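Here is my note on this entry, as numbered points. Please read it with the coordinates open.

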Amino acid sequence: MMKTATKWDASEYLETEEDMAAYLNAALEDGDTSVIAAALGDIARAKGMTQLSKETGITRDGLYKALSPTGNPSFDTVQKVVRAFGLKIGVIASA
């Protein structure tokens, strides 16, 4: 009997701002820019790309491209997207 696997999609589990903040913080701690872009994309899909496009003034296609694992979003795009999520980017001193 052959078993089939379904693709796991993080966006299906990001329900609250706290979930989104924890997920994005984990990606930022990883430090890999492709992981960070992918996490932003997952959160964007959880929130809804159409609504995010309206809130940021960035086209849906532009968001999908910038927030993919191979995307390279500008800092301005990251700021707009994070603000639209209801989150803030902060900096803490490393130990």
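**Notes on the model**

1. Start with serine 53, which sits in helix H3. The model is a predicted one. Is serine 53 buried or exposed? Its relative accessibility is 15%, so serine 53 counts as buried, the cut-off for that class being under 20%. Beyond its neighbours within four places in sequence, serine 53 is in contact with Ile58, Thr59, Arg60 and Leu63.

2. Isoleucine 58 is a partner worth a look. This residue lies in the loop between H3 and H4. Isoleucine 58 has a relative accessible area of 17% and is therefore buried. Which residues does isoleucine 58 contact, leaving aside its neighbours within four places in sequence? They are Ser53, Leu63, Thr77 and Lys80. Leu63 thus appears in the contact list of serine 53 and in that of isoleucine 58. For a distance check, take threonine 16. It is 42 residues from isoleucine 58 along the chain, and their C-alpha atoms are separated by 23 Å.

3. Now the overall layout. The protein has 5 helices and 0 strands. From the N terminus on, the order of elements reads α-α-α-α-α. The C-alpha trace spans about 50 × 40 × 25 Å along its principal axes. There are 95 residues, and 35% of them are buried. About 6700 Å² of the protein is exposed, with carbon and sulfur atoms supplying 53% of that area. Take the contacts between residues at least 6 apart in sequence: 51% of them join residues at least 24 apart.

4. Helix H2 passes a simple geometry check. It runs over residues 33-47, which makes 15 residues. What span should they give at 1.5 Å a residue? The expected value is 21 Å, and the end C-alpha atoms are 21 Å apart, so the two agree. Just after H2, glycine 48 takes a positive phi of about 110°.

5. H2 also holds a run of buried residues. They are Ile36, Ala37, Ala38, Ala39, Leu40, Gly41, Asp42, Ile43 and Ala44. Note that Asp42 is among them. What covers the buried residues of H2? The cover includes helix H1 (17-30), helix H3 (49-56), helix H4 (60-66) and H5. As background, an α-helix has 3.6 residues a turn, so residues three or four places apart point the same way.

6. Tyrosine 64 belongs to helix H4. At 38% relative accessibility, this residue counts as partly exposed, because that class covers values from 20% to 50%. Leaving aside neighbours within four places in sequence, tyrosine 64 is in contact with Arg45 and Met49. Arg45 lies within the range of H2, residues 33-47, while Met49 lies within that of H3, 49-56. Lysine 88 is 24 residues from tyrosine 64 in sequence and 21 Å from it in space, C-alpha to C-alpha.

7. Next, the largest pocket. Its volume is about 180 Å³. Which residues line it? The lining consists of Ala21, Leu24, Asn25, Leu28, Glu29, Leu87, Lys88, Ile89, Gly90 and Ile92. By class, that gives 6 nonpolar, 2 polar and 2 charged residues. On the method in general, rolling a probe the size of a water molecule over the atoms shows where empty space is left.

8. Last, the segment after H5. Glycine 86 is found there. At 46% relative accessibility, glycine 86 counts as partly exposed. Glycine 86 and alanine 21 are 65 residues apart in sequence, yet 9.3 Å apart in space, C-alpha to C-alpha. Alanine 21 is one of the residues lining the largest pocket.

9. Alanine 93 also lies in the segment after helix H5 (75-84). Is alanine 93 buried or exposed? Its relative accessible area is 75%, so alanine 93 is exposed; the class begins over 50%. Alanine 93 and aspartate 30 are 63 residues apart in sequence and 16 Å apart in space, C-alpha to C-alpha.

Definitions and conventions:
Residues are numbered from 1 along each chain as its sequence is written. This is a predicted model: local features need pLDDT of at least 70, side-chain atom pairs count only at pLDDT 80 or more; totals for chains, interfaces and linings use all residues. Side-chain values use heavy atoms; hydrogens and water are left out. Helices (H or I, at least four residues) and strands (E, at least two) are DSSP runs, numbered from the N terminus. Buried means under 20% relative accessible area, exposed over 50%, partly exposed in between (1.4 Å probe, protein chains only). On a 1 Å grid over the protein atoms alone, a cavity is a set of points where a 1.4 Å probe fits but cannot get out, and a pocket is an open set with protein on both sides within 12 Å along at least five of seven lines; lining residues have an atom within 4 Å of a point. Grid points are joined across faces, edges and corners, and a volume is the space filled by probe spheres set on the points. Ala, Val, Leu, Ile, Met, Phe, Trp, Tyr, Cys and Pro count as nonpolar, Asp, Glu, Lys and Arg as charged, and the others, Gly among them, as polar. The expected span of a helix is 1.5 Å times one less than its number of residues. Contact means heavy atoms within 4.5 Å. Accessible areas come from the Shrake-Rupley method with a 1.4 Å probe; for residues, only the protein chains shown count as cover.
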